[in-house]
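User: I should like to examine the structure below through a short series of questions. Please reason briefly before giving each result.

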Amino acid sequence: MDAVDPLPDHPAPDAPEGKLVLLRHGETEWSRTGRHTGLTDIPLTPHGEDLARAAGELVKGYDFRLVLSSPLQRARRTAELAGLQAEIDPLLVEWDYGGYEGRTTKEIRAELGYNWTTFAHGVIRGDTPGETVEEVAARASRVLTRVLPAMASGDVALVAHGHYLRILTAVFLRQAPRFGASISLDAGSVSVLGFAREQPAILAWNHGPHLPMQPAES
């Protein structure tokens, strides 16, 4: 990455009272059609902008002390439309899909001849090197070392990407990174993490203007 967030001066408290609010960016043309969108910097669709505004309505009651966004325009624009003043953190970019960038799961499975998924089988080199799920989890872990101390004094928002936020949630819950495969996340959705006593917990998941009818494609 271009920069690595420094570790905090003090460790996080055992169970900070603030909430960690996750916003997945609104719809893009590639997310609408199920194409893996890692480092490709593409804009929101008009519907994606509507979803971002709706997400802003869901989060307006929180007391945000820290708001971080991926540097990619689909996340930055989502933060703006949601009414959030976000600081850019390069560690929040989406999974680098390497040679599978821009391709759908259906296309990749047809080529390979088996039921490939990013979480189970990983990606290959392409125009970018690609990342393992563990490398994405390591980035997420560094973000959480910054976020958790901030949650001692208020709420924190992260505006980022589907696969990345699912992996970050697994790390927050102290689960293996591949647990993220079990928690689908729709474009424009809002989720909330926090603590139930000292146990990290999902407080709300995948909220949007409508209940999802099927799992998100990517």
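Analyst: The model is a predicted one. A suitable starting point is L193, whose contacts, leaving aside residues up to four places away in sequence, include K19, L20, L22, T169 and F172. The others that L193 touches are A201, I202, L203 and W205.

User: Is L193 buried or exposed?

Analyst: L193 lies in strand β5. Buried status requires under 20% relative accessible area. Because its relative accessibility is 0%, L193 counts as buried.

User: Which residue in β6 does G194 stand opposite?

Analyst: Strand β5 covers residues 190-196 and runs antiparallel to β6, with six bridges joining the two. Within β6, the residue opposite G194 is A201.

User: Which are the edge strands of the sheet?

Analyst: The sheet is open, with six strands in the order β3-β2-β4-β1-β5-β6 and mixed pairing. An edge strand here pairs on one side only, and this applies to β3 (87-88) and β6 (199-207).

User: Why are the buried residues of α3 on the same side of the helix?

Analyst: Helix α3 spans residues 73-81, and its buried residues are R74, A75, T78, A79 and L81. They lie on the same side of α3 because the arc they cover around the axis is only 170 degrees.

User: What covers the buried residues of α3?

Analyst: The cover includes one helix element, α2 (46-59). Strands also contribute, among them β1 (20-24), β2 (64-69) and β4 (155-160).

User: What phi does G83 take?

Analyst: G83 comes just after α3. Its phi is positive, at about 80 degrees.

Technical notes. Residues are numbered from 1 along each chain as its sequence is written. This is a predicted model: local features need pLDDT of at least 70, side-chain atom pairs count only at pLDDT 80 or more; totals for chains, interfaces and linings use all residues. Side-chain values use heavy atoms; hydrogens and water are left out. Two strands pair if DSSP finds at least two bridges between them. Helices (H or I, at least four residues) and strands (E, at least two) are DSSP runs, numbered from the N terminus. Buried means under 20% relative accessible area, exposed over 50%, partly exposed in between (1.4 Å probe, protein chains only). The arc is that of the directions from the helix axis to the C-beta atoms. Contact means heavy atoms within 4.5 Å.
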